[in-house]
Amino acid sequence: MTATELVHLGHACVVVDTGSARVLLDPGVFSEGWQTLEGLDAILVTHQHVDHLDVEKLPALLAQNPDAELIVDNGTADVLRERGIDHTRREPGETFTVAGTSIEVVGAERGEHAVIHPDIPVIPNNGYVLRAEGGTVLHPGDAYVPAPDGVDVLLLPTGAPWLKVADAVDYLRAVAPPVAVPIHEAVLANPDLHYGLFDQLSPSATDVRVLARGVAASF
């Protein structure tokens with residue numbers, strides 16, 4: 001079986017190499033290393049917040065990867081349309097294929113970002129499930145999206161204005177993947193505290209693996 005390779009570039013940004021497709025998720029302003037990537041088959045954006053999409057640097061990335069399809073949620077699509085950036089809009093419930101890798105779009109409730117505060121408008125959020133021979137990876141974006149059966153690697157949000165660690169642990173337990181990789185940590189002064197709680201409170205069969213930034217790991 002071909003192994004799936006992950007590279008965490010900080011915060012919500014992850015490169016997933018399934019063996020058939022090389023996919024970049026959420027190239028935002030808190031992440032480094034994605035700006036020089038080449039050879040991408042797709043760029044997936046969960047939502048429009050700047051920590052998930054640096055729209056100023058996006059055109060240069062697309063120019064370096066002319067064959068990569070840019071796939072985004074409804075809210076990000078509106079932003080990109082105003083800037084004249086080509087993209088494909090996807091919604092929860094859709095499944096499509098990129099270079100032999102199946103990608104399912106999932107969403108909490110109506111595909112919405114988790115609530116930060118009642119006074120802050122809720123925006124769209126896509127979660128993405130990547131399936132290939134090497135395994136299944138779930139990037140939920142900024143919501144506890146419904147997870148299908150058979151998730152091998154959960155990219156687990158660690159710290160955010162919308163996130164309480166108890167809820168993150170409950171989500172980890174509900175998905176119960178063989179491997180959980182903490183992401184979305186840039187807003188925390190000491191993310192190791194949260195990592196330790198995930199490790200302590202995770203299901204017994206789940207391995208919580210903290211990836212060194214920019215270093216490839218196989219699963």
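**Exercise 1. Work out what share of the protein chain is buried, and check the overall dimensions.**

Start with burial: 52% of the 219 residues in the protein chain count as buried (buried is under 20% relative accessible area, exposed over 50%, partly exposed in between, with a 1.4 Å probe and protein chains only). Before going on, a word on the source: this is a predicted model, where local features need pLDDT of at least 70 and side-chain atom pairs count only at pLDDT 80 or more, while totals for chains, interfaces and linings use all residues. Residues are numbered from 1 along each chain as its sequence is written, and side-chain values use heavy atoms, with hydrogens and water left out.

Next, the radius of gyration. The protein chain has 16 Å, which agrees with the value near 17 Å for a compact globule of 219 residues (taken over C-alpha atoms; the globule rule is 2.2 Å times the number of residues to the power 0.38). Along the principal axes, the C-alpha atoms fill a box of roughly 50 × 45 × 30 Å.

Then the surface: about 9400 Å² is accessible, and 49% of that belongs to carbon and sulfur atoms (areas come from the Shrake-Rupley method with a 1.4 Å probe; for residues, only the protein chains shown count as cover).

Last, the contacts. Among those between residues at least 6 apart in sequence, 56% join residues at least 24 apart (contact means heavy atoms within 4.5 Å).

**Exercise 2. Find which residues of helix 3 are buried, and what covers them.**

The protein chain has 4 helices and 14 strands to pick from (DSSP runs numbered from the N terminus: helices are H or I with at least four residues, strands are E with at least two). Helix 3 spans residues 165-175, and its buried residues are Ala168, Val169, Tyr171, Leu172 and Val175. Looking down the axis, these fall within an arc of 160 degrees, so they line one face of the helix (the arc is that of the directions from the helix axis to the C-beta atoms). The background is simple: an α-helix has 3.6 residues a turn, so residues three or four places apart point the same way.

Now the cover, which includes strand 10 (135-139), strand 11 (153-157), strand 12 (179-183) and helix 4 (191-201). Step just past helix 3 and you hit Ala176, with a positive phi of about 50 degrees.

**Exercise 3. Do the same for helix 4, listing its buried residues and its packing partners.**

Pro191, His194, Tyr195 and Phe198 are the buried ones. Their arc around the axis is only 105 degrees, which puts them on the same side of helix 4. Over on the other side, Asp192, Leu193 and Gln200 are exposed. The buried set packs against strand 11, helix 3, strand 12 and strand 13 (207-208).

**Exercise 4. Look at Asp26 and His184: are they buried or exposed?**

Take Asp26 in the loop between strand 3 and strand 4. Its phi is positive, about 55 degrees, although it is not a glycine. With a relative accessible area of 0%, Asp26 is buried.

His184 sits in the loop between strand 12 and helix 4. Phi here is near 55 degrees, again positive in a residue other than glycine. His184 is buried too, at 2%.

**Exercise 5. Track down salt bridges and say where their partners sit.**

A search of the whole structure turns up 5 salt bridges (a side-chain nitrogen of Lys or Arg within 4 Å of a carboxyl oxygen of Asp or Glu). Here are three of them, one at a time.

- Asp78 pairs with Arg89, with the closest N and O atoms 3.5 Å apart. This pair links distant parts of the chain, with Asp78 in helix 2 (residues 74-83) and Arg89 in strand 6 (residues 88-89), 11 residues apart. Asp78 is partly exposed at 32%, and Arg89 is partly exposed at 35%.
- Glu94 pairs with Arg90 at 3.0 Å between the closest N and O atoms. Glu94 is partly exposed at 26%, whereas Arg90 is buried at 18%.
- Arg213 pairs with Glu185, the closest N and O atoms being 3.5 Å apart. They are 28 residues apart: Arg213 lies in the loop between strand 13 and strand 14 (216-218), Glu185 in the loop between strand 12 and helix 4. Arg213 is partly exposed at 46%, while Glu185 counts as buried at 10%.

To finish, check for shared partners: Asp78, Arg81 and Arg89 are joined into one network.
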